[in-house]
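Here are a few exercises to work through with the model open beside you. Try each task first, then read on for the solution.

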Amino acid sequence: MVYAAAEPSDGVATAQAVFTNTGAYPIKITATHTSCGCTAAVTDGRPIAPGQTGKVDISFKTLGRRGLYEEAILIDTDDPAAKESTITLRVLIRNPVELLPTLLFWQPGEALTPKVIRITVGDGFNLKDINATCADAGVELHLEAVRPGAEYKLTVTPKTQHVRATISVTPEIEGRATKVLTAHVRVS
């Protein structure tokens, strides 16, 4: 089993399967076969001497995907005792921070009472800071920690009718480039 993790916007998740030739003579990987076009497996094609290690570089396309994926990779070798082997790739694709919902809507005549956007930080991501802004003065924001570093509540209150605004949420995740997430406010 080989594991990888990525964000949907990364475009690709990569992993490397490392193996040792436990046989008595050199072996060579002659081909790799993946179960779909979203997965690729590449080797350098050189023979692996007994006791030496080889590797298979694996990539998985992440764009537009979320969740856990498992892909089988068939490895063909010139070893008469083990012509075929299977590597299983497990990829977890998730956003470090998610907003729900991303659209707050007030119907015509509805009271301009506050509505809430839940902000959650994925396990394994270290949130250093987070802020929320809205350029429209007709929208008031209040950000509070429910569980610091893991869950936040963004309370949104429109102050006027006929608002069409965008909220920008900027999380600072350790070891990752800053990405601005957006939510929308519509008051008819």
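**Exercise 1. A salt bridge and its surroundings**

Task: Which residue forms a salt bridge with Glu-144, and are the two partners buried or exposed, or in between?

Solution: Keep in mind that this is a predicted model. Start with the pair: Glu-144 bridges to Lys-153, with the closest N and O atoms 3.8 Å apart. The cut-off for a salt bridge is 4 Å, so this pair counts. Next, look at accessibility. Glu-144 has 31% relative accessibility, so it's partly exposed. Lys-153, at 24%, is partly exposed as well.

**Exercise 2. A link across the chain**

Task: Find the salt bridge partner of Glu-7, and work out where the two residues sit.

Solution: First, the partner is Arg-176, and the closest N and O atoms are 2.6 Å apart. Second, place them: Glu-7 is in the loop between β1 and β2, while Arg-176 is in the loop between β14 and β15, 169 residues apart. Third, check exposure. Buried means under 20% relative accessible area, so Glu-7, at 5%, is buried. Arg-176, at 34%, is partly exposed. Finally, bring in Lys-179: a network of salt bridges links Glu-7, Arg-176 and Lys-179.

**Exercise 3. The two faces of a strand**

Task: Sort the residues of β14 into a covered and an uncovered face, then name the strands that pair with it.

Solution: Begin with a rule of thumb: in a regular strand, side chains alternate between the two faces of the sheet. Now apply the sorting. Val-163, Ala-165, Ile-167, Val-169, Pro-171 and Ile-173 make up the covered face of β14. Arg-164, Thr-166, Ser-168, Thr-170 and Glu-172 make up the uncovered one. Then look sideways. β11 pairs with β14 in the antiparallel sense over seven bridges, and Ala-132 has Val-169 in β14 as its bridge partner. β15 also pairs with β14, antiparallel and over seven bridges; here Arg-164 is matched with Arg-186 in β15.

**Exercise 4. Into the core**

Task: How many residues does the largest nonpolar core have, and which element gives the most to it?

Solution: The count is 23 residues, and those with the most contacts inside the core are Ile-117, Ile-119, Val-156, Ile-167 and Val-185. Elements giving two or more residues include β10, β13 and β15. The top contributor is β14, with five residues. To see one member up close, pick Ile-119: among the residues it touches are Val-97, Leu-99, Ile-130, Leu-143 and Val-169.

Note on methods. Residues numbered from 1 in each chain as written. Predicted model: local features only at pLDDT ≥ 70, side-chain atom pairs only at ≥ 80, totals over all residues. Heavy atoms only, no water. Core = buried A, V, L, I, M, F, W, Y, C linked by side-chain atoms within 4.5 Å. Buried < 20%, exposed > 50% of the residue type's maximum accessible area, 1.4 Å probe, protein only. Helix = DSSP H or I, 4+ residues; strand = E, 2+ residues; numbered from the N terminus. Contact = heavy atoms within 4.5 Å. Pairing = 2+ DSSP bridges. Salt bridge = Lys/Arg side-chain N within 4 Å of Asp/Glu carboxyl O. Lists of a residue's contacts leave out its neighbours within four places in sequence.
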